[in-house]
Structure formats: structure tokens, C-alpha cells
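Student: I should like to learn how to read a structure that is new to me. May we go through it feature by feature?

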Amino acid sequence: MNQSAATYLGNIKDTVQSFWHGMSITLSYLLRRPTTIQYPDRTPLPVRDTLPPRYRGFLEVDADICTGCQACERACPIGCIQINLEKDAANPKQRVVTQFDIDEAKCMFCGLCVEPCPTGAIQHTREFEASQRSVRNLTFRWADPLKPFPVYKVAKGAEYFPRAPLGSLVRAKIEARRWDAPPPEFLPPEAPKPPAAKAPPPAAPVAKPSAAAAPAAPAPKPAAAAPVPEAKPAELLKAAAETAAPAAAPAAPAAPSPAPAAEAPVPTTPEVKP
Amino acid sequence: MEKLIMRRMHQGGTEEMILNFGPQHPSTHGVINFLVETDGEVLRRAVPDVGYLHRSIEKIAESVGYPGFMPYTDRIDYVAAMFANEGWAVAVEKLLKIEVPKRAQYLRAVSCELCRIASHLVSVGTMATDIGATTPLVHGIRERESINDLIEALCGARLTYNYHRIGGVAFDLPAGWPAKVKVFLDHFDKLLGEWDRLISFNEIYVKRLAGVAVITGEQARNYGLVGPNLRGSGVDWDCRRDAPYGAYPELQFEVPVGKGFRGTVGDAFDRYYVRVLEMRESARIVRQALAWLEQNEGEIMAKVPRKVKPEAGEVLSRVESARGEMGYYVVSDGTEKPWRVHVRTGSFLAMGIIEDLSPGLMVADLVALIASLDVVAPEIDR
């Protein structure tokens, strides 16, 4: 009896003591500076400037020093980079990059594409804020299919490659787009059908100024909606885009379906260029 | 599971209940379901039902190839992704018969031990929350943020590090980084004392955990428990010391073992406190490895062929992760993609013992048991 009373009282003492220890620590934190910061309006600097230089944010490609070697495309484990190279129509010796798309929505920011790049053209930046209403607006197109850029020739023994300031290119791209911009009307990859050839040229200039991210517009109708390509009202295009997504998978036997944008502009370019 | 329900339905007339504990319950540490058979507050048994987070990571390995699988390993255990990276790198290096440069090994040790501290901070913090003390988690997360900042400066990501590479590591130390780590570690050593006063030896906390869900050493071995769960039961086994890899043979550290700190050997408190002691040892290892890194120079990547194409064969790597021994079993058929990959993780093994430990536990003690085993749902299912 005596002993149990002693343990009972001992327990009470220990508990009170623990309380005191815990509470004193907790209270001491009331007097210290808080470690949390209100984001984003109370940060002293823009958050991207507080990040370490190795931060793996949005990918950026400097087209001026891209050699078109496609090493990044091969290194990407999820295939969010899509590159297309063609011979320049005017100068057959010169290869041009007609497409360099990076789907930042798919990208897992692992950094594997940056490592094999021979010139450092593709780099992670410290940009990370670019929310978009439509996830498809997060596809960054570093090559204009209508104005392909020539591949960079590495000079022998070159150690330094003139690169635009890291982050400036991607920031310009992010700032250029509205967050609630309508998504690009990605069309399914075109099945081999020659009659479509006469439709694109008149349509291309109409579609081009609308949005930088939507050069896919000229490529016409999915296989189902064949008839009048010249009329091309916006509703028809929209309807085409809606049917496009489900239609894409069966239409493309070779290419994986998530990159339907890839194939669309390609056939149009040779005709527009000259 | 269906059988269990049907049996209960046909028996009828008892006062026992079958409850679904989870899959979205805060104290199951992720998406795990427990089918709990209770009689009032006492458990008849609890059957873990895993698989809600299965993402076929092992199958993905078969389609993306050896270097491309590295970022996926981050997703196996997102609380301690560094170890998953290391395990995969070690496995493929064994397969390719590559010798990793010494500096890379030390960099791996530094990054992994920092990650272990971060993981254990989350573990002990969530354990305190599950027991009912909400404050310690916030302290743990706060310290983990500092580690995340350090690792972010090292490799560019806070959670999915993808820092290790086949044949070495991706980056060398950034300028001024060792000094920052030392400042943190000095602060952290003090914090551990504060942590003990705040929660570890809090009388209520101890009373809730001491003597609860005792796993004897023999039981732990039989169920194949690994890591702190095994050591908490008094079995002195640590992969870093007993099956050494990387830089660990050259580093001095103790392996804390459960001794019945406040109750019996192998109770929930032992498993908890072994983790707290391990954090201290990890801090020691980081200091030693950093001192070595500051004095020595060297390569951080071995010569790895551009196309990783190992010879046909099979290999097993084991690394001591924060959740115990992590093993990668890789079978190569001589092509650029592995023929089969299997990941052996500590959380999955820990789930096996819950059904046998649960009879007679209180419902609230089941939470303590799950928390003390430190399971992470994506690591169970992969």
C-alpha cells in the first residue's frame, strides 16, 4: 500500500515535471523568431532568387547553341522532349530543328537531359511559377515550326558556348502567356492522306498570329470530319480538337499518344518555307 | 478479407466488429487499409491490406533502362529517396563491375546520412502526433526543412533528389556548403537534447509506449524485420557495419540497439528511441565524411560507358536505408534494359508482423505499433 502510494505520487511528480519541460520549450519558441514566411507576398526577394543555383526548375533551351544532337531526348526517361530535325530546303547541307517541344507538365525535373548536352543549351532554371488553366499550355516550344533554327556547329576545341542568361528565355515565354489562355488545339497526328496538301497554305498565316503556342492550327480535321477545309470556322476546329484527343490513340500506330502536337505541324513546314 | 467478413456475417450474435482502419486515415502513414476486428476497445486482430499505392515501379524499370530508372527510385520511398538512389546505383555498378571513386562514396555517405536524419525526424515527429502530441511534429518538420534546403543546394531538389548516378554522384559539393552543414549539425545536436526533454522522456509519452507491442529478437528475425525495427528488438545488425559498402568501413559510428530504455526490449519505445539515437550517429558520420571531403580531392564519377549495357547476370545490392535494409535484385539479359528488377524494402517486411502482434492490443496501441514500425506507404507497395 505504502509502495503503491509512492509510485502514484512519483508518477504525478514525473508528469508535472514532463509538462514543465515540454511547456517551457514550447513557450520559449514563442519568443524566438518564426521560421515560417508568408508566401508569396512577404518574401523579401522573389522566391526564385532565393533558390540555389542548382535548383531544377523549368527547362530552358537556348536555340542559338543547340547542336540538334537529340541527346536530351534520348536521356529523358518519360519522353517529354520531342525534337525533329530536317534538312533546310534552301541549303541541303544545313540541318534545321523544326520542332523542339518540352512538355513541362510531364517533366519530372530529374535533370538527366541536362547532363549529356554538349553545349549546355538545355538547362534547368530557377523558374517554377507558371501555373496555367490548361495543362497543355505548359508545352514549351523552343523551335518555331514555321521558322526552324539551324543547328549550332561546335568549333573545334571550344570550351565556352555563348549562352543567353540562364532563365531569361523561359521567363520571357512564361510572361508572354496569359494564365487562362485557351489551350492549343492539338490535332491528332495526320494519317498519310495526300489530298490534305492543298488546304494548309492559305490557313497557315491566319493561324499563326493567334498564339505562339498554337501553330498546330493549320493541320486540318481528323479522319472523320473530312469535308470543307477552306471554310474552317472556329467551331469546326474546336469540335475537331475535342474529337481529336480520343481519336489520337488509334490514329497513331508508331508515336505514343501524349505527343500529338508533334506530328501535326511537320508536313506543313516544307510548303510554307519557300 | 472477404472470408473474414463472411465468417462474421454468418456467425452473428457476437459483439465484435469489423472496421476499416484506413485507407485514408492520418495515422496509417499513407494509403494503407487495416481490417480491424475488435471486441470493444481490444483488437482480435488487424489485417493489413496493402496495394493502394502500387505504381509498378519495378515494371517501369524494365522499360526505361538503367540510367533512366534512377529518378523513379526516388518515388519508391519519398521520405528517404537518397537510399533508393544509392541502392540502385550500387546494384548497377555491381552488374557493370565499376569501381566508384572514393570522393563519390563519401559524397554518397554525406547525402545519405543527411537524408536519414530527415527521414527519422519525420518518423519520430509523426509518431508523436499519432500518440497525441501535436507539437513535436512541427519541430521535426522545421529541422527537416533545413536539411531539405541543404540537399537542395547540393543536388537541386528537395524531395526527389536523383543525386546518385551509376558510377558516382551528379554534383560535387557547392561552394560554402560544408560550413552550412556544420552550422546545422551544431544546432541539431542541441536540438536532440531539447527533443528528448520535449517528447522522448515525457512521462505520458513513455507510459503510452513502454511495453506496448513487444517484438522479441527472435520474432524480429523470423519476420525478417530490418533496420531500426530489428535493432529496436535488440538484434545488433546494421548493414553499414556488418555488410559494408561505400565509404562506411572507414567511418566510425555506433549502432544503437534497443536495450529496454523505458520498458522491455523490443517495445514501441525502443523502436522509437533507437531512431533518435541513430540521428545522433548520422550527424557524427556526416561530420567525419565532410572532414574527409574537405581534405581530399578527386573524381566524382567513374568511367561509365555511354550505353549502359551490362553482361547477362544477376546481382543483389543491399544498403541500409532509413527504413532498414533496402535491396535491389536486378537480372540483366545483356541488353540496355534490365530483364527484371525487384526492390526489397523495409516497410513491406514490417507490415507482415502487424497481424501477429495485434491480438490483444488496444485500438490506440495499434496506431502506436504502426507508427513505431515507421512504415511509408509507397515503399510498401512500390
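Tutor: Let us begin with the interior, bearing in mind that this is a predicted model. In soluble globular proteins, nonpolar side chains tend to be buried together. Here the largest nonpolar core has 94 residues, and those that touch the most other members are W88(B), W177(B), F188(B), L251(B), Y272(B), Y328(B) and V330(B). Helix α5 of chain B, residues 102–131, gives the most to this core, with 15 residues.

Student: Which residues does W88(B) touch, leaving aside those up to four places away in sequence?

Tutor: W88(B) touches Y66(B), F69(B), M70(B), T73(B), I166(B), Y328(B), V330(B), P338(B) and V341(B). Two of these, Y328(B) and V330(B), are also among the residues of the core that touch the most other members. Apart from this core lies another, of 31 residues, which includes C66(A), C72(A), C113(A) and W142(A).

Student: How should I read the general build of chain A?

Tutor: One begins with its secondary structure and then asks how its contacts are spread along the sequence. Chain A has 8 helices and 6 strands, in the order α-α-β-α-β-β-β-β-β-α-α-α-α-α along the sequence. Of its 274 residues, 39% count as buried. If one takes the contacts in chain A between residues at least 6 apart in sequence, 80% join residues at least 24 apart.

Student: How many residues does each chain bring to the contact between chain A and chain B?

Tutor: Chain A brings 24 residues and chain B brings 33. Together the two chains bury about 2,200 Å², with 55% of that area on carbon and sulfur atoms. On the side of chain A, the residues that lose the most area to chain B are I25(A), R54(A) and R56(A), which together account for 30% of what that side buries.

Student: What polar and charged links are found across that interface?

Tutor: There are 2 salt bridges between chain A and chain B. In one of them, E194(B) pairs with R32(A), and the closest N and O atoms are 3.7 Å apart. The interface also has 12 residue pairs in polar contact, counting pairs with both residues at pLDDT 80 or more. Sorted by class, the side of chain A that touches chain B consists of 11 nonpolar, 8 polar and 5 charged residues.

Student: Is R323(B) buried or exposed?

Tutor: R323(B) is buried, because its relative accessible area is 2%, and the cut-off for buried is under 20%. R323(B) is found in the loop between β6 (313–321) and β7 (324–332) of chain B. Its side chain makes a polar contact of 2.9 Å with the side chain of D77(B) and another, of 2.8 Å, with the side chain of D374(B). Setting aside residues up to four places away in sequence, the residues that R323(B) touches include V79(B), S119(B), V226(B), P228(B), G346(B) and E379(B).

Student: Where does S200(B) lie, and what does its side chain contact?

Tutor: S200(B) lies in helix α7 of chain B, residues 177–200. With a relative accessibility of 0%, S200(B) counts as buried. The side chain of S200(B) makes polar contacts with the side chains of D196(B), at 3.0 Å, and Y272(B), at 2.9 Å. Among the other residues that S200(B) touches are W195(B), Y205(B), V206(B) and F269(B). As for distance, S200(B) and R103(B) are 97 residues apart in sequence, and their C-alpha atoms are 37 Å apart in space.

Student: What should I look for in the backbone angles?

Tutor: Most residues other than glycine have a negative phi, and most peptide bonds are trans. K97(B), which is not a glycine, has a positive phi of about 60°. K97(B) lies in the loop between α4 (81–96) and α5 of chain B. R382(B), likewise not a glycine, has a positive phi of about 55°, and R382(B) is placed in the segment after α15 (377–381) of chain B.

Student: Which of the words "buried" and "exposed" applies to K97(B), and which to R382(B)?

Tutor: K97(B) is exposed, with a relative accessible area of 65%. R382(B), by contrast, counts as buried, at 9% relative accessibility.

Technical notes
Residues numbered from 1 in each chain as written. Chains lettered and ligands numbered in written order. Predicted model: local features only at pLDDT ≥ 70, side-chain atom pairs only at ≥ 80, totals over all residues. Heavy atoms only, no water. Contact = heavy atoms within 4.5 Å. Buried area = accessible area lost by both parts, 1.4 Å probe. Salt bridge = Lys/Arg side-chain N within 4 Å of Asp/Glu carboxyl O. Polar contact = N/O pair within 3.5 Å; in protein donor to acceptor, adjacent residues only side chain to side chain. Nonpolar A, V, L, I, M, F, W, Y, C, P; charged D, E, K, R; others polar. Core = buried A, V, L, I, M, F, W, Y, C linked by side-chain atoms within 4.5 Å. Buried < 20%, exposed > 50% of the residue type's maximum accessible area, 1.4 Å probe, protein only. Helix = DSSP H or I, 4+ residues; strand = E, 2+ residues; numbered from the N terminus.
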